[in-house]
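Colleague: I should like a close look at a single part of this model, followed by some remarks on other sites. Please keep the account connected.

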Amino acid sequence: MPLHHRSCAWALAALAASGCSSGQAGAGGSAGELPSPAPAFPAECVIETGPGGMTPVSVAALDGDDSSLVLRQRLVPPVILDCAGTPHPGAARTWSADGSGRFWTLLLARTAPGAGAAVSAWRDPPAGETLRLAGALALVPLDQHRLTVEFDRHYDGVPPVLADPALSLPLDSSGPALSFAPVSSSDPRDALDAGAGLLRTSDPEVLAYARADSELAVAALPWSRTYVLLAPAADTLGLPADSPGFRTALARDAVAAEARAAEPPFWWETLPAAGCRERKVAAPAREADAIAFDREDPVAAALAARLVALSREPGLSARGLAGETLDSVLRSGLARGIVRALPRRALVPCRDARWPENVVVRPLVDTRASAVVRRGIVPLAVEWDGTIRPVASP
Amino acid sequence: MSFRTRLFLGFVLAVLVPLGLLAAGVRRELDRRLTADYRARVDGAVQAIRADLARESWSIQGRLGALGAQLASDNRFRQAVVQGDPRARPYLLDWARYAIRQAGLTVLQLQDSTGRVLSSGHFRQEFDLVRPELPRFLSATGGWPALARVRTPEGPILALVRSDSFTVAGRRFTLVGGVGAESRFPGRLPGDSAFAVRLAIADADSVAAAAGTEIAAQLPIPFLGLPPDTIPGTARLVVTQSAGTLVELRRSIDRWFLAALLVTAVVALALAAWLSSRISRPLTRLAEQTAAIDLDRLDQDFSSDRGDEVGALSRLLGAMTARLRAGAARLREAERRVAMGDLARQVNHDIKNGLVPIRNVLRHLDQVAHDRPDALAEIFAERRSTLESSVTYLDALARNYARLSPAPAVEPCDVNALVAGLMSAGGAAGVVRTDLAEELPTVSVDRLMLRRVLENLVGNALESLDGREDGSVTVRTERIAEGSRGVRITVADTGRGMTKAELDHAFDDFFTTKAGGTGLGLSIVRRLVLDLGGTLRIDTEPGAGTRAVVELPG
């Protein structure tokens, strides 16, 4: 259902009817009052690199994730979740809900675009689609900096979708910044040797190299990914039964990254019963007796190969495919299963659960990356999904 | 069977049979040499494959030996497999992944003595699986290279494999290594593109058939499949040759010989047809000319400038015709003399017949003059009609016989002028048309005889019209042939024509179909023409008219 812009009078009436003056308040404030300052990031979510506060920090831009590290310095969602999941002000200084928990009003930061511009941006994809899948029914700008989001369901706390990167707004900030340090080599160690201040990697060799350098420090980032095997419910692929030992062995020996046995809770186990996942079902494999994986993802490739090795079916193989085609291979019967990475935490579960209804999700391992930082740079805050931002100087 | 057909068949057989024998002989010799060369190349190919396999096998063996020696002295390997240090386990698991690249191998696997995979280069995630089949199989092959299907994440591959063992801390470890075989087979033999090497795991014939080739040689090689089919077997390196190569070569030779045979046959056929035609046509013409000869038609031209037998025969026939013509002339002369005798007797008889009344009248008048002189005038008047009748008879008789007394006076004669003059004096210009050729040569004839000929022919033609106003008579003059000095005169009418029987007697004396006719016209014409040295031919058809053709020599 597309979001639509309701009239301001209607929205105000709705807000009054829903008791917007007595709702929940974010960042310590309450509706109708100026919010109190946001709580600081907890220590476990801040990377301290020692005295210095050196800025700007050059980021070794090696892949899309590293690029997003820089891009997201100026694109901030309304709410920021720290590595522990605690909300902090982002593009929105405060947020509050009415008594029903369905109408949430955001007070945007002075450095953010106006409420009208935000509403306009959030109607378009991908923000509009993200909000729709999160149950948002309407967006109503109340004044220059206030807007209200109406949801179809009750939220006890701040709706997680408000922390989704898809809703990020550009902030005009003069704080510490990260900058690109393009790396011509495919070896991340070349970037560190060239003086990069920040590198996010999961390569054990690179981490071992960084640990051996006294100028560098290594900080583990949150467990951000869970690798799963997606396969039709009736197809075991000849694999051993799932068990903690099985997952642990996978994490220990099969994956060349920091990994652990996939640990519950898993967000896909609490998906809404209906109206969320695709109605299509997986088709029997027609052309390939294979487990597919994203060919750009070495962890997925290693897990798929290990599953093939352990399978009792000698004809089974692993096949690397382009990431954008993975969503369709089960529906089209081009593979018997997929090994893919899911976000460890899904702010919009219906968006991230893109597999057919009759597919079973078998968790394998959790992985996380680490940040290699040069000592003396500005402290860095770590968010729930591993995003790193410089902590503003007091 | 005609002479031409026999000549044709004989020529064809004389050409085609030797040519066919030559083609068969050449083809057989070529085939023998090709087959011998083919066998030599096959043997060479098999030797090359054996040498290549042995070289590759020794190379693999050498690399495995080097890797084993390296591992035996590797501390981290010892920590991992002897001490069980978990910190060294990642090194162990990844060892083969790096070593396989360093050694330039496609397959590399490290197993302990129980067959448990410790490290795998071609399938890193195969660790801890128990796969003792391959080392056992290789140890049983006695050092001879073997083929095996090996699992990889992407699917099974076929590899030429060897194994080697080493010992660390009293524990035995086995290295299995090899190179990919699928990239080699099928493949072409270096320097000989006619042969290919294919690998037949099950049935060599089906492999060759599937590739559209034929088997030239087979080289057995031990083979081990993937579980559950891990019973050692035998694969075959099959040296194949494109099924069509030798056959195609033979077919090519056959095609060329067949083409040569066909071309030669066509040429021979054409030549035979031409030769037989060239030889038989003049014979046929001679036969036709000879068939046309009779006493009245001895004017066939057998002259020939050919120097061969046909020319000689033609000249002989010409000489024979000349002799016949002379004989015919003598015969005609004899006939003429006989006829003249008959004629003289006839004239004598006729004159006597005509003179008898006259003599009787004269005797009567003499008697009257003697006995009754006064009645002489009266009696003379009474018998005068008798005298006049007899004189008229004798006069007519004389005129008729005068026509039978030719007196040739040969001189150059312009036939066109003669025909024109005849037409102007005849008074029949409205019925008789002329078609006179220009530049007609003069002929040497008796002008009067030729005039009598033409008068008779034109007169007969006019009479055949029976007074019909739509009838016509045409007198045409022309050369007998281009370049010839002979002249042909044709008198054609559209009159009643003659039947075959009438034509057969047309030249007989005193034969006539006309009331009051003497029956001497065409007879005289024929004699006159013959006396002029020419020929006369009558073409006629009842109701369609008659063509009288006179041909006079130049």
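In which loop of chain A is Asp98(A) found?

Modeller: The model is a predicted one. Asp98(A) sits in the loop of chain A that runs between strand S7 (92-97) and strand S8 (103-108). This residue is buried yet has no salt bridge. The nearest side chain of opposite charge belongs to Arg102(A), 6.5 Å away, whereas a salt bridge requires the charged atoms to be within 4 Å. Polar partners of Asp98(A) can nevertheless be named. Its side chain makes a polar contact with the side chain of Ser100(A) at 2.9 Å, and the side chain of Asp98(A) also reaches the backbone nitrogen of Gly101(A) at 3.1 Å.

Chain B offers a second buried residue, Ile538(B), placed in strand S15 (residues 535-541). Ile538(B) has a relative accessible area of 11% and is therefore buried, the limit being under 20%. Beyond its neighbours within four places in sequence, Ile538(B) is in contact with Met498(B), Leu503(B), Phe507(B), Thr546(B), Arg547(B) and Ala548(B). Its C-alpha atom is separated by 9.7 Å from that of Ala492(B), 46 residues apart along the chain.

On the surface of chain B, Ile279(B), Leu283(B), Leu313(B) and Leu316(B) make a nonpolar patch of about 320 Å². Helix H6 (243-291) and helix H7 (309-371) of chain B are the elements that give two or more residues to this patch. Ile279(B) lies in helix H6 and counts as partly exposed because its relative accessibility is 33%.

Technical notes. Residues are numbered from 1 along each chain as its sequence is written. Chains are lettered from A and ligands numbered from 1 in the order in which they are written. This is a predicted model: local features need pLDDT of at least 70, side-chain atom pairs count only at pLDDT 80 or more; totals for chains, interfaces and linings use all residues. Side-chain values use heavy atoms; hydrogens and water are left out. Patches are made of residues with over 30% relative accessible area and no salt bridge: like charges are joined within 9 Å, nonpolar side chains (Val, Leu, Ile, Met, Phe, Trp, Tyr) within 5 Å. Accessible areas come from the Shrake-Rupley method with a 1.4 Å probe; for residues, only the protein chains shown count as cover. Helices (H or I, at least four residues) and strands (E, at least two) are DSSP runs, numbered from the N terminus. Buried means under 20% relative accessible area, exposed over 50%, partly exposed in between (1.4 Å probe, protein chains only). Lys and Arg count as positive and Asp and Glu as negative; His and the chain ends are not counted. A polar contact is a pair of N or O atoms within 3.5 Å; within protein, one must be able to donate a hydrogen and the other to accept it, and residues adjacent in sequence count only if both atoms are side-chain atoms. Contact means heavy atoms within 4.5 Å.
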